Amino acid sequence: MPREKGEKMIARNKKALHDYSITDKIEAGLVLTGTEVKSLRDGHASLVDAFATIDDGEVWLRNANIPEYSRGTWRNHVALRKRKMLLHKSEIVRLERALGDSGRTLIPLSLYFRDGNAKVELAVGTGKKEWDKRQTIRERDMRREAERDLADRSRRRR
């Protein structure tokens, strides 16, 4: 059977972009069991409360919810277990340096399949204060309004 090509999105952490200022992004592989892969292929996963940690030179994804496979047996996986992430040593060292400053954390932004392999997009983020969030919303609304005005002008010209 030929290998899959392309990218298939499984889960995206939309709230992370609202709650954190993202500085650095990196792609990492995941170590999964068979039923976890089947559950992901069905499109079941949540990154809402997920985060990553670096323990003894290894990166671990925690609180990522991959529900049990519906047609699994008694050997099904645990939904909220910690999962090892696959990164090169140099990438892990770079992430450790980036996390050295206080208030920084590793946040998974998205979970997807790329060419048949499960991948996670990790980001180094700093938590936003309430006024930062309001400023982001204000900028987004202004950008939307400007795009609408441009669209209205182009429609009127026709």
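# Briefing: fold, helix faces and selected residues

E121 is partly exposed, with a relative accessible area of 23%. The value is over the 20% under which a residue counts as buried, and it is not over the 50% that marks an exposed one, so E121 falls in between. The model discussed here is predicted. The protein has four helices and seven strands, and the order of these elements along the sequence is β-α-β-α-β-β-β-α-β-β-α.

**Overall dimensions and surface**

- The radius of gyration of the protein is 19 Å, whereas a compact globule of 158 residues would have one near 15 Å.
- The C-alpha trace spans about 60 × 40 × 25 Å along the principal axes of the protein.
- Of the 158 residues in the protein, 32% are buried.
- About 10500 Å² of the protein is exposed, and 48% of that area comes from carbon and sulfur atoms.
- The side chains include 36 positive and 25 negative ones, and the centres of these two sets are 3 Å apart.
- Among contacts with a separation of 6 or more, 68% join residues 24 or more positions apart.

**E121 in strand β7**

- E121 belongs to strand β7, which covers residues 117-127.
- The C-alpha atoms of E121 and E27 are 4.6 Å apart in space, although the two residues are 94 residues apart in sequence.
- Leaving out residues up to four places away in sequence, E121 touches K25, I26, I107, P108, L109, S110 and Y112.

**S110 in strand β6**

- S110 lies in strand β6, which runs over residues 104-114.
- With a relative accessible area of 3%, S110 is buried, because this is under the 20% limit.
- Beyond its neighbours within four places in sequence, S110 is in contact with M9, A11, R12, L47, K119, V120 and E121.
- S110 and N13 are 97 residues apart in sequence, and their C-alpha atoms are 5.9 Å apart in space.

**R12 in strand β1**

- R12 is part of strand β1, which covers residues 7-12.
- R12 has a relative accessible area of 52% and is exposed, because the value is over 50%.
- Not counting residues up to four places away in sequence, R12 touches L109 and S110.
- A C-alpha separation of 8.5 Å is found between R12 and V48, which are 36 residues apart along the chain.

**Helix α2**

- Helix α2 spans residues 34-41, and its buried residues are T35, E36, S39 and L40.
- Viewed down the axis of α2, these buried residues fall within an arc of 140°, so they line one face of the helix.
- The cover over the buried residues of α2 includes β1, β5 (83-86), β6 and β7.
- G43, just after α2, has a positive phi of about 90°.

**Helix α3**

- Helix α3 spans residues 89-99, with E91, I92, L95 and A98 as its buried residues.
- Down the axis of α3, its buried residues fall within an arc of 120°, so they too line one face of their helix.
- K89, S90 and R97 are exposed residues on the face of α3 turned away from its buried side.
- Strands that cover the buried residues of α3 include β2 (20-30), β3, β4, β6 and β7.

**Positive phi outside glycine**

- D56 is not a glycine, yet its phi is positive, near 50°.
- The position of D56 is in the loop between β3 (51-55) and β4 (58-62).
- D56 counts as exposed because its relative accessibility of 81% is over 50%.
- N63, also a residue other than glycine, has a positive phi near 60°.
- The loop between β4 and β5 holds N63.
- N63 is partly exposed, with a relative accessible area of 35%.

Note on methods: Residues are numbered from 1 along each chain as its sequence is written. This is a predicted model: local features need pLDDT of at least 70, side-chain atom pairs count only at pLDDT 80 or more; totals for chains, interfaces and linings use all residues. Side-chain values use heavy atoms; hydrogens and water are left out. Helices (H or I, at least four residues) and strands (E, at least two) are DSSP runs, numbered from the N terminus. Buried means under 20% relative accessible area, exposed over 50%, partly exposed in between (1.4 Å probe, protein chains only). Contact means heavy atoms within 4.5 Å. The arc is that of the directions from the helix axis to the C-beta atoms. The radius of gyration is taken over C-alpha atoms; the globule rule is 2.2 Å times the number of residues to the power 0.38. Accessible areas come from the Shrake-Rupley method with a 1.4 Å probe; for residues, only the protein chains shown count as cover. Lys and Arg count as positive and Asp and Glu as negative; His and the chain ends are not counted. The place of a charge is taken as NZ of Lys, CZ of Arg, CG of Asp or CD of Glu.
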